[in-house]
Every structure is written in structure tokens, then in C-alpha cells.
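I opened a new structure today and kept notes as I went. The entries follow the order in which I looked things up.

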Amino acid sequence: MFYFTAVSKKVIPAIEGFFTMDPEAPRLLGTQCKACQTYFFPPERGYCRNPECDSEELETVELSHEGTLWSYSHNGYKPPPPYVSPTEEFEPFAVAAVELEREKMVVMGMVPKPYTHEDLKVGQRMQLVLDPLYETDEERVMVWKWRPVEGGGSK
Ligand SMILES: [Zn+2]
């Protein structure tokens, strides 16, 4: 195997406005209704979706970067577009659904390698990381993923 050095690659988010790009402390960006305090992710920008609230004042907020593993699955099939396989041959990966206590919601995310579904256990602590979704010759396209908290699980 031979890899080109990646120093000149442009690092860009897979989706603009869904998360911060700080590699050390990435944060998901959600919105919060100013009237009823409900959180939304993906960020809702039109109006509050709480049926008992008619506010249109939504504020962008950083969400918790840790949560509890609520559910997970093993993705053995290539998802439909816009998913792009990081490798020529599709490699299965785990998907985690993590519950954020403060926001009272579940956020899905891929689980970065080398972790697999075999490393996951419902109820364990998970933390948000940035990891490449895929790379081209010029760009490294980043997305948020959920990784088991070091010392809080296996590996
Ligand atoms: Zn509301």
C-alpha cells in the first residue's frame, strides 16, 4: 500500500452548519426554541416543531459532546447516496444512536474505526469525534461520529 501525504488536503465539513470543525473539541450545532426550550438536531431553522408551541425563535446552540449509547446497529450494506464509501470496496461500519441527557434527544452517528459493533454496549458513554467521511485527492470531508469514551468501555 502507498499513501500520498495529506498535508495539502483541504479539510471541509460534509454538511455545512451541523457541527464545529475544532478537531480537539468538535460540537454538534443544534437549535433551541427560545419559548419552550426544546432542542433540535439536525438544526431546525424554520419554526419550533413542538406541537404545543408556535414560536419561530430558534437559537443555534452547541449540543452535549457526550451521551449514553441508546441503540446501535451494524451497517453491512452500502447506504444510498449521498453516502460515499471512503474506500473503493464498501466496508461495513457500526452506527450508534446516542442519547443526550440535557437535550433529551437521540443523535445518530457512524462509529469510527477501529471500533465495530462488537465494541458497543447499550448504556455505555460515548463521545463525539470528527472523522473523515471520505477523502478525495484534494479534500478530506469530515463528519461527526460517536466513539466509546476511553476507559469507559472496551479498547
Ligand atoms: Zn418551542
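**Entry 1: β5 and β8**

I began with one strand pair: β5 and β8 run antiparallel to each other and are joined by 3 bridges. Within this pair I found Gly 67 opposite Met 126 of β8. I note here that the model is a predicted one.

**Entry 2: the chain as a whole**

Next I looked up the overall make-up. The protein chain has 9 strands and 0 helices. Read along the sequence, I get the pattern β-β-β-β-β-β-β-β-β. I took the extent of the C-alpha atoms along the principal axes, and they fill a box of roughly 55 × 35 × 30 Å.

I then checked burial. Of the 155 residues in the protein chain, 23% are buried. I also looked at contacts between residues at least 6 apart in sequence, and 55% of these join residues at least 24 apart.

**Entry 3: the open sheet**

Which strands form the open sheet, and in what order? I found 3 strands, ordered β3-β2-β4, with antiparallel pairing. The edges are held by β3 (39-40) and β4 (58-62). Each of these two has a single partner strand, so one side of each is left without a neighbour in the sheet.

I followed β2 further. This strand covers residues 29-33 and pairs with β3 in the antiparallel sense, over 2 bridges. Opposite Gln 32 I found Tyr 39 of β3.

The loop between β2 and β3 holds Gln 37. I noted that Gln 37 is not a glycine and yet has a positive phi, about 70 degrees. Is Gln 37 buried or exposed? I counted 12 C-beta neighbours inside 10 Å, and because 12 or fewer counts as exposed, Gln 37 is exposed.

**Entry 4: β6 and β7**

I moved on to β6 and β7, which are antiparallel and joined by 6 bridges. Ala 97 has Met 108 of β7 as its bridge partner. The two strands form a hairpin with 4 residues between them.

In the loop between β6 and β7 I looked up Lys 104. The phi of Lys 104 is positive, near 55 degrees, and the residue is other than glycine. Lys 104 has 10 other C-beta atoms within 10 Å, so I entered this residue as exposed.

**Entry 5: β8 and β9**

How many bridges join β8 to β9? I found 9, and the two strands run antiparallel. One facing pair here is Asp 131 and Val 143, the latter in β9. The strands β8 and β9 form a hairpin, and 3 residues lie between them.

I picked Thr 136 from the loop between β8 and β9. Thr 136 has 10 other C-beta atoms within 10 Å, so I list this residue as exposed. I also checked the distance from Thr 136 to Lys 10: the two are 126 residues apart along the chain, and their C-alpha atoms are separated by 9.6 Å.

**Entry 6: the nonpolar core**

Which residues have the most contacts inside the largest nonpolar core? I found Ala 96, Val 98 and Val 111, in a core of 22 residues. At least two residues of this core come from each of β5 (66-75), β6 (93-100), β7 (105-110), β8 (125-135) and β9 (139-148).

I took Ala 96 as the place to look in detail. Leaving out residues up to four places away in sequence, I listed what Ala 96 touches: Leu 69, Tyr 72, Gly 109, Val 111, Leu 120, Met 126 and Trp 146. Two names on that list return from other entries: Met 126 stands opposite Gly 67, and Val 111 is one of the residues with the most contacts inside the core.

**Entry 7: cis peptide bonds**

Last, I looked at cis peptide bonds. One joins Phe 41 and Pro 42, with omega about -5 degrees. Pro 42 lies in the loop between β3 and β4. Another cis bond joins Lys 113 and Pro 114, with omega about 10 degrees. Pro 114 is found in the loop between β7 and β8.

Terms used. Residues numbered from 1 in each chain as written. Predicted model: local features only at pLDDT ≥ 70, side-chain atom pairs only at ≥ 80, totals over all residues. Core = buried A, V, L, I, M, F, W, Y, C linked by C-beta atoms within 7 Å. Buried ≥ 20, exposed ≤ 12 C-beta atoms within 10 Å, placed from the backbone. Contact = placed C-beta atoms within 7 Å. Pairing = 2+ DSSP bridges.
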